[in-house]
Amino acid sequence: MKLNIKANKETTTTSTRQALPEGWYHAVAIDAVEKRNSKDTGDILVLTFEIIEDEKFAGQWTWANFNVTHINPQAVEIAEKQLSYLAGAAGVDLLTDSSQLLHRPVQILVKQREWNGETKNEIKMYKEANIAAEQPVRAAQAKSVDVPF
């Protein structure tokens with residue numbers, strides 16, 4: 001692919017995305033990627049969620065990480081419990097593959113935390129979306145997205 005873009009040497013930041021304010025949001029998982037964690041102690045499942053019902057934040061993304069394998073069994077147990085709650089909120093009775101969670105509306109409780117001097121989001125809870133099943137869900141095509149961490 002050919003490009004012809006002049007560099008902006010005045011910009012020092014690579015992202016203008018701001019953390020979502022704390023609260024409940026209707027969202028849909030649009031991507032699921034399994035990768036090795038940064039400390040090489042296990043594998044994480046990274047789910048990308050897109051906010052679908054909020055005038056100001058619709059279309060914004062946030063992420064949830066789940067330790068699907070880890071040298072600490074408690075980390076895996078926590079991830080399995082979180083995935084169980086997410087599956088229940090998404091209407092999945094038996095979760096056998098992360099793709100079952102994609103494009104299913106849920107509500108997510110977003111909290112903020114400080115990490116390396118930046119405000120980041122964490123998804124703390126999941127519950128049923130309580131929106132009509134036939135209501136169109138604004139979700140991206142199922143494709144891989146770059147996770148910004």
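Helices here are DSSP runs of H or I with at least four residues, strands are DSSP runs of E with at least two, and both are numbered from the N terminus. With that in hand, let's start the tour.

**Before you click**

This is a predicted model, in which local features need pLDDT of at least 70, side-chain atom pairs count only at pLDDT 80 or more, and totals for chains, interfaces and linings use all residues. Residues are numbered from 1 along each chain as its sequence is written, and side-chain values use heavy atoms, with hydrogens and water left out.

**Stop 1: the whole chain**

Show the protein chain as a cartoon. You will find one helix and five strands, and from the N terminus on they run β-β-β-α-β-β. Of the 149 residues, 32% count as buried; buried means under 20% relative accessible area, exposed means over 50%, and partly exposed is in between (1.4 Å probe, protein chains only). Switch on a surface if you like: the chain exposes about 10200 Å², and carbon and sulfur atoms supply 47% of that. Such areas come from the Shrake-Rupley method with a 1.4 Å probe, and for residues only the protein chains shown count as cover.

Contact means heavy atoms within 4.5 Å. Among contacts in the chain with a separation of 6 or more, 55% are made by residues 24 or more positions apart.

**Stop 2: Ala19**

Select Ala19, which lies in the segment before S1. Ala19 counts as partly exposed because its relative accessibility is 22%. Which residues is Ala19 in contact with, leaving aside its neighbours within four places in sequence? They are Gln60, Gln112, Thr119, Lys120 and Asn121. Pick out Lys120 from that list: it is 101 residues away from Ala19 along the chain, yet their C-alpha atoms are separated by 5.6 Å.

**Stop 3: the strands**

Now colour S1 (residues 23-36) and S4 (105-115). These two pair in the antiparallel sense over six bridges; strands count as paired if DSSP finds at least two bridges between them. To see one place where they meet, select Tyr25, which stands opposite Ile108 in S4.

Add S2 (42-51) to the view. S1 and S2 also run antiparallel, joined by nine bridges. Two pairs make handy landmarks: Ala27 has Ile51 as its bridge partner in S2, and Lys35 has Ile44. S1 and S2 form a hairpin with five residues between them, and in the turn Asp40 has a positive phi of about 60°.

Stay with S2 and show its side chains. How many of its 10 residues are buried? The count is 10 of 10. Gly42, Ile44, Val46, Thr48 and Glu50 point one way, while Asp43, Leu45, Leu47, Phe49 and Ile51 point the other way.

Next, bring in S3 (61-70). S2 and S3 pair in the antiparallel sense over nine bridges, and one spot to look at is Val46, whose bridge partner in S3 is Asn65.

**Stop 4: the helix**

Select residues 73-90, helix H1. Measure from end to end: the C-alpha atoms there are 25 Å apart, which agrees with the 26 Å expected for 18 residues at 1.5 Å a residue. That expected span is 1.5 Å times one less than the number of residues.

Colour Ala75, Val76, Ala79, Leu83, Leu86, Ala87, Ala89 and Ala90, which are buried. They cover an arc of only 155° around the axis, so they sit on the same side of H1; the arc is that of the directions from the helix axis to the C-beta atoms. The buried residues pack against S2, S3, S4 and S5 (118-128). Turn the model round, and the face away from that buried side carries the exposed residues Pro73, Glu77, Glu80 and Tyr85.

Zoom in on the start of H1, where a side-chain oxygen of Asn72 reaches to within 2.9 Å of the backbone nitrogen of Gln74. After the helix comes Gly91, with a positive phi near 80°.

**Stop 5: two loop residues**

Most residues other than glycine have a negative phi. His103, in the loop between H1 and S4, has a positive phi near 60°. His103 is partly exposed, with a relative accessible area of 31%.

Finish at Asn116, in the loop between S4 and S5. Its phi is positive too, about 55°. Is Asn116 buried or exposed? Asn116 is exposed, since its relative accessible area is 65%.

Terms used:
A polar contact is a pair of N or O atoms within 3.5 Å; within protein, one must be able to donate a hydrogen and the other to accept it, and residues adjacent in sequence count only if both atoms are side-chain atoms.
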